[in-house]
There are 2 protein chains.
Amino acid sequence: MEKQIKIKPTESELEILQILWALGKATVRQVNDELSKTKEVGYTTTLKIMQIMFEKQLVSRTDEGRYHVYEAAVGEEPTQHMLLDKFIDSTFRGSATRMVMQALGNQQVSKEELEEIKKLIDSIEKGQ
Amino acid sequence: MEKQIKIKPTESELEILQILWALGKATVRQVNDELSKTKEVGYTTTLKIMQIMFEKQLVSRTDEGRYHVYEAAVGEEPTQHMLLDKFIDSTFRGSATRMVMQALGNQQVSKEELEEIKKLIDSIEKGQ
DNA sequence: TCTTATCTACGAAAATTTTCGTAATAAAAT
DNA sequence: ATTTTATTACGAAAATTTTCGTAGATAAGA
């Protein structure tokens, strides 16, 4: 089992984690290029945040020649899980159901996805 | 229709909004008493945050005699909706389905609630 | 070789959020 | 009337997060 000492990432840190989860491994340059697609951000800003993330153990890195190659050190699912718990607590007073119902009502969810969710519910109910 | 220029509340502000949504109207003292149930917080700290919220138009207030009575100026549902959208974007890369599935899998959701969600899905499917 | 470009480390500035101390004022209690 | 208590306004300190400038080192190019 992975260690679960989960530090809540800041918003900027989460953006970078998303990129690392998608890319697997990446240099600061690559991450900064990705970030630049959606917002203005200086290279050293990205570098600094990634250095802080390294100190917090949110990412690991290896020396490849002269530069560092980074990788997420926390899993995507466990992190999402932790953030989801906190979010449900703070925004929906702990009621996952209320949140799910609002998500289904408000978001664009396709017929296929709704079917998928129903199947999941069925399998949960069987499992209980 | 209400105005939808939604400022994202900070975490502290959201805590106070939750209390105001629950109580309807409340003085700073009352809000602070509620907050004190779960964490250590000074009266002037709560006061200050509520004053900032007043400036941001997150709350309204009326003079009752010598003190102020506060009320949420933003609705609970629209605020949750906005926060949910942002959360799905930042944490689940925009996929409501993925979030819902993780919420259902990870959280304690009762059989009754699962049934309720299934009914909701059915009614959405009929509506489409 | 010399210049230019790239990457890292470091520190500090800027921006945001949270906390709290102090003073003024008005009500309540003695 | 005097003291005590409770409330607000204000400002600034503290903490956190984000941004960026500069210097040093190494590689690449002329």
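Superposing two copies here means a least-squares fit on the C-alpha atoms of residues with pLDDT of at least 70 in both. Keep that in mind as you look around, since what you have open is a predicted model.

**Stop 1: the two protein chains**

Select chains A and B. Turn chain B by 180° with 0.0 Å of shift along the rotation axis, and chain B lands on chain A with an RMSD of 0.0 Å. That is how a two-fold axis relates two copies. To find the axis from chain B, pick Val100(B): its C-alpha is the one in chain B nearest the axis, at 2.9 Å. Now look at where the chains touch. Both copies use the same surface, with 100% of chain B's contact residues turning up again in chain A.

**Stop 2: DNA strand C**

Next, show DNA strand C and whatever protein surrounds it. There are 21 residues around this strand, and the nearest are Arg29(A), Tyr43(A), Arg66(A), His68(A) and Thr10(B). Which elements should you colour? From chain A, try helix H2 (28–38), helix H3 (43–55) and strand S3 (67–72); from chain B, helix H1 (11–23) and helix H3 (43–55). Each of these gives at least two residues to the surface near strand C. Sorted by class, that surface holds 6 nonpolar, 8 polar and 7 charged residues.

What part of the DNA is the protein meeting? Of strand C's atoms within 4 Å of the protein, 62% are sugar or phosphate, and the rest are in bases. Zoom in for an example of each kind:

- Thr10(B) has a polar side-chain atom 2.7 Å from a phosphate oxygen of strand C.
- Arg61(A) places a polar side-chain atom 3.3 Å from a phosphate oxygen of strand C.
- For a base, go to Lys48(A), where a side-chain N or O atom is 3.2 Å from a base nitrogen of strand C.

**Stop 3: DNA strand D**

Now swap over to DNA strand D. Among the 21 residues around it, Thr10(A), Arg29(B), Tyr43(B), Gln51(B) and His68(B) come nearest. Sugar and phosphate make up 62% of strand D's atoms that come within 4 Å of the protein.

For colouring, choose helix H1 (11–23) and H3 in chain A, then helix H2 (28–38), H3 and strand S3 (67–72) in chain B; each brings at least two residues to the surface near strand D. The class count there is 6 nonpolar, 8 polar and 7 charged.

Finish with three phosphate contacts:

- Thr10(A): a polar side-chain atom sits 2.7 Å from a phosphate oxygen of strand D.
- Arg29(B): a side-chain N or O atom is 2.9 Å from a phosphate oxygen of strand D.
- Tyr43(B): a side-chain N or O atom is 2.6 Å from a phosphate oxygen of strand D.

Notes: Residues are numbered from 1 along each chain as its sequence is written. Chains are lettered from A and ligands numbered from 1 in the order in which they are written. This is a predicted model: local features need pLDDT of at least 70, side-chain atom pairs count only at pLDDT 80 or more; totals for chains, interfaces and linings use all residues. Side-chain values use heavy atoms; hydrogens and water are left out. Contact means heavy atoms within 4.5 Å. A residue is near a molecule or strand if one of its heavy atoms lies within 4 Å of it. A polar contact is a pair of N or O atoms within 3.5 Å; within protein, one must be able to donate a hydrogen and the other to accept it, and residues adjacent in sequence count only if both atoms are side-chain atoms. Helices (H or I, at least four residues) and strands (E, at least two) are DSSP runs, numbered from the N terminus. Ala, Val, Leu, Ile, Met, Phe, Trp, Tyr, Cys and Pro count as nonpolar, Asp, Glu, Lys and Arg as charged, and the others, Gly among them, as polar.
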